Amino acid sequence: METLPYHPLLEISKKEVEIVRRHLNLDINTIKKNLDAIEEWGKKQDHLAEAFKYLDRNMLERLHLLGRGSVEMTKTRIDKLLTTRGMLPEICLNRSVEEFKDISESVNFVILPKLSPTDQSRIIVTQIRNLEKFSLIAHMRYCFMIAEYRMNFEYNMSERHILDLQHVNSVSAITKLNPILLKKAEILCTGGYGIRISGIHILNAPSFVDKIVFLIKQGLKEKVANRLQVHSSYEELHKEVPKDVLPEDYGGDLPSCSKLEEQWQSILKTEEAQNLIGICNKLVADETKRSAFKFNEEYLGMPGSFRKLTVD
């Protein structure tokens, strides 16, 4: 509300908070009034009431930003998010920090500390380290666990992703990309959370990158797919993302991704972080208290269509 919870690895200035609020035509009094209305609504929704007990005002405000500052859009966003999380337990539920103690052996997933000054986006770097050990489902589970944890501290307009393929040197990488799983992740990201992806930047691309890009785009909405770029140099990336918010790996001014990852791993081991992550496991709609027909009509278009999406 007036002040954001402090996080040592997520820097957000008062000016950046003001920019986000001004963009959404919000001020502190409007936010308080809107959150009161959303809380009151949530208590009256039989299928959401239990989950609402674990949505504090802090996280509720973040969801209000994802709802573009609209009370009605935020209600819809919360309903979709809590529903989608329950429909994707393989990605969203029963996660703990301990599950991912060895994930850095295969992939380095790093949230950079500074927002991009050009569009107030949070920049996220994924570096594939060991293709043999890489698991897309494990990576997705980890990514969304961090995303939900960050919702307790974030105040940004969008996300911008950097995918570093320096160690992807075999065409067998294509077999690691399950388009159905990618689509589920896209549904959760843009449909559930309502996160705006302002750009996807591929670096150190192998000769067969066109095949990787094709598969990735199969799981993205056209608007997001059109924001995917393959850069031939770090200088090209700098035209989109300023050097002062990039790590030294890419000619930037921030510490290396390896150093930042170590810091993130230390934070995630704290009692506070593990408690917040545990709470997220409870953010699920109770579909036994809502008509299945109404759910399919509102979200899917046909009965059971979502449940039939499976991952090999």
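Reader: Where is the place of Arg68?
Author: This is a predicted model, and in it Arg68 has a positive phi of about 60°, even though it is not a glycine. As for its place, look past α4 (57–66) and ahead of α5 (71–87): Arg68 sits in the loop between α4 and α5.

Reader: Is Arg68 buried, partly exposed or exposed?
Author: Its relative accessible area comes out at 39%. Buried would need under 20% and exposed over 50%. So Arg68 is partly exposed.

Reader: And Gln120, is that one buried or exposed?
Author: Gln120 also isn't a glycine, yet has a positive phi of about 55°. You'll find it in the loop between β1 (107–116) and β2 (121–128). Its relative accessible area is 7%, and the cut-off is under 20%, so Gln120 is buried.

Reader: How are α2 and α4 oriented to each other: roughly parallel or roughly perpendicular?
Author: Helix α2 (residues 28–43) packs on α4 with the axes 10 Å apart, at an angle of about 100°. Angles of 65 to 115 degrees count as roughly perpendicular. That's why the pair is roughly perpendicular.

Reader: Which residues of α4 make the contact with α2?
Author: From the α2 side come Ile31, Lys32, Asn34, Leu35, Asp36, Ile38 and Glu39. Facing them on α4 are Arg57, Leu60, Glu61 and His64.

Reader: How many charged residues does that contact of α2 with α4 have?
Author: Sorting by class, the contact has 4 nonpolar and 2 polar residues. Lys32 of α2 and Arg57 of α4 are among the contact residues, and Lys and Arg count as charged. The charged count is 5.

Methods:
Residues are numbered from 1 along each chain as its sequence is written. This is a predicted model: local features need pLDDT of at least 70, side-chain atom pairs count only at pLDDT 80 or more; totals for chains, interfaces and linings use all residues. Side-chain values use heavy atoms; hydrogens and water are left out. Helices (H or I, at least four residues) and strands (E, at least two) are DSSP runs, numbered from the N terminus. Buried means under 20% relative accessible area, exposed over 50%, partly exposed in between (1.4 Å probe, protein chains only). Axes are lines fitted to C-alpha atoms, for helices over the stretch in contact, and angles run from 0 to 180 degrees between N-to-C directions. Angles under 35 degrees count as roughly parallel, over 145 as roughly antiparallel, 65 to 115 as roughly perpendicular and the rest as oblique. Contact means heavy atoms within 4.5 Å.
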